[in-house]
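Work through the exercises below with the sequence and the model open beside you. Try each task before reading its solution.

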Amino acid sequence: MLSKVVKTTVVALAIAGSTAVLAQHAFNDADKAVEYRQKAFSIMQNNFAYMGDMVKGDVAFDAAIFAERAETFAKLTGVPWTGFSQEGAMPGDNTDALPAIWDNWDDFQQRAADFQKDADNLAVAARSGDQGDIRSAFMAAAKNCKGCHDQYKD
């Protein structure tokens with residue numbers, strides 16, 4: 001019986017170890033890392049722009065759709081960041097990312113964390129249905145987006 005427990009533990013540790021290694025090398029090459037983060041940002045932008053149209057009144061406000069878009073947006077804000085840490089995925093011909101990202105890595109990471117917090121706050125506000133809270137949360141997230149783009153995107 002003990003032998004079975006030991007074997008199970010060894011297998012579990014081996015799987016956990018290989019998962020950690022895979023997580024560190026999530027991409028085959030730098031181009032895939034850049035493509036990954038660009039696609040994640042593109043989907044986030046699509047959701048955010050639609051919510052923005054509702055906030056501005058360009059599209060009729062629909063609380064259920066807004067909440068769905070806000071939830072999707074919040075979930076996606078954790079996605080792109082590993083695409084910046086892949087070796088060789090720094091600026092090049094296929095990206096608008098500026099070298100300032102890697103020169104100011106700690107600030108960039110903090111902005112990413114703040115962005116995720118803003119997106120979570122937007123999702124909470126959207127669930128409340130209160131358009132005043134939604135507008136405030138949306139504007140905070142938009143300000144965060146712009147600040148990062150101004151500093152780290154060409």
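Contact means heavy atoms within 4.5 Å. Helices (H or I, at least four residues) and strands (E, at least two) are DSSP runs, numbered from the N terminus. This is a predicted model, in which local features need pLDDT of at least 70, side-chain atom pairs count only at pLDDT 80 or more, and totals for chains, interfaces and linings use all residues. Residues are numbered from 1 along each chain as its sequence is written, and side-chain values use heavy atoms, with hydrogens and water left out.

**Exercise 1. Describe the protein chain as a whole.**

Step 1. The secondary structure comes to 7 helices and 0 strands. From the N terminus on, the order is α-α-α-α-α-α-α.

Step 2. Of the 154 residues, 31% count as buried (buried means under 20% relative accessible area, exposed over 50%, partly exposed in between, with a 1.4 Å probe and protein chains only).

Step 3. Take the contacts between residues at least 6 apart in sequence: 72% of these join residues at least 24 apart.

**Exercise 2. Check the length of α6, then find its buried residues and what covers them.**

Step 1. The expected span of a helix is 1.5 Å times one less than its number of residues. The 24 residues of α6 should therefore span 34 Å, and the end C-alpha atoms are 35 Å apart, which agrees.

Step 2. The buried residues of α6 are F108, A112, F115, D118, A119, L122, A123, A125 and A126.

Step 3. An α-helix has 3.6 residues a turn, so residues three or four places apart point the same way. Compare this with the spacing in the list of Step 2.

Step 4. The cover over the buried residues of α6 includes α2 (30-56), α3 (63-76), α4 (82-85), α5 (100-103) and α7.

Step 5. Just after α6, G129 has a positive phi of about 80°.

**Exercise 3. At what angle do α6 and α7 pack, and which residues meet?**

Step 1. Axes are lines fitted to C-alpha atoms, for helices over the stretch in contact, and angles run from 0 to 180 degrees between N-to-C directions. For α6 (residues 105-128) and α7 (residues 131-152) the angle is about 160°, and the axes are 8 Å apart.

Step 2. Angles under 35 degrees count as roughly parallel, over 145 as roughly antiparallel, 65 to 115 as roughly perpendicular and the rest as oblique. The two helices α6 and α7 are therefore roughly antiparallel to each other.

Step 3. Residues of α6 that meet α7 include D107, F108, R111 and D114. On the α7 side, D133, I134, A137 and F138 are among them.

Step 4. Sorted by class, this contact of α6 with α7 has 13 nonpolar, 5 polar and 5 charged residues (Ala, Val, Leu, Ile, Met, Phe, Trp, Tyr, Cys and Pro count as nonpolar, Asp, Glu, Lys and Arg as charged, and the others, Gly among them, as polar).

**Exercise 4. Describe α2 and its packing against α3.**

Step 1. With 27 residues, α2 reaches 38 Å from its first C-alpha to its last, close to the 39 Å expected at 1.5 Å a residue.

Step 2. Its buried residues include A30, A33, V34 and R37.

Step 3. α2 and α3 pack at about 145°, with axes 9 Å apart. In α2 the contact residues include I43, M44 and N46, and in α3 they include I65, F66 and R69. By class, the contact of α2 with α3 has 12 nonpolar, 3 polar and 1 charged residues.

**Exercise 5. Is A33 buried or exposed, and what is in contact with A33?**

Step 1. A33 lies in helix α2.

Step 2. The relative accessible area of A33 is 0%, so A33 is buried.

Step 3. Leaving aside neighbours within four places in sequence, A33 is in contact with F27, G83, Q86 and A89.

Step 4. A33 and Q86 are 53 residues apart along the chain, and their C-alpha atoms are separated by 6.4 Å.
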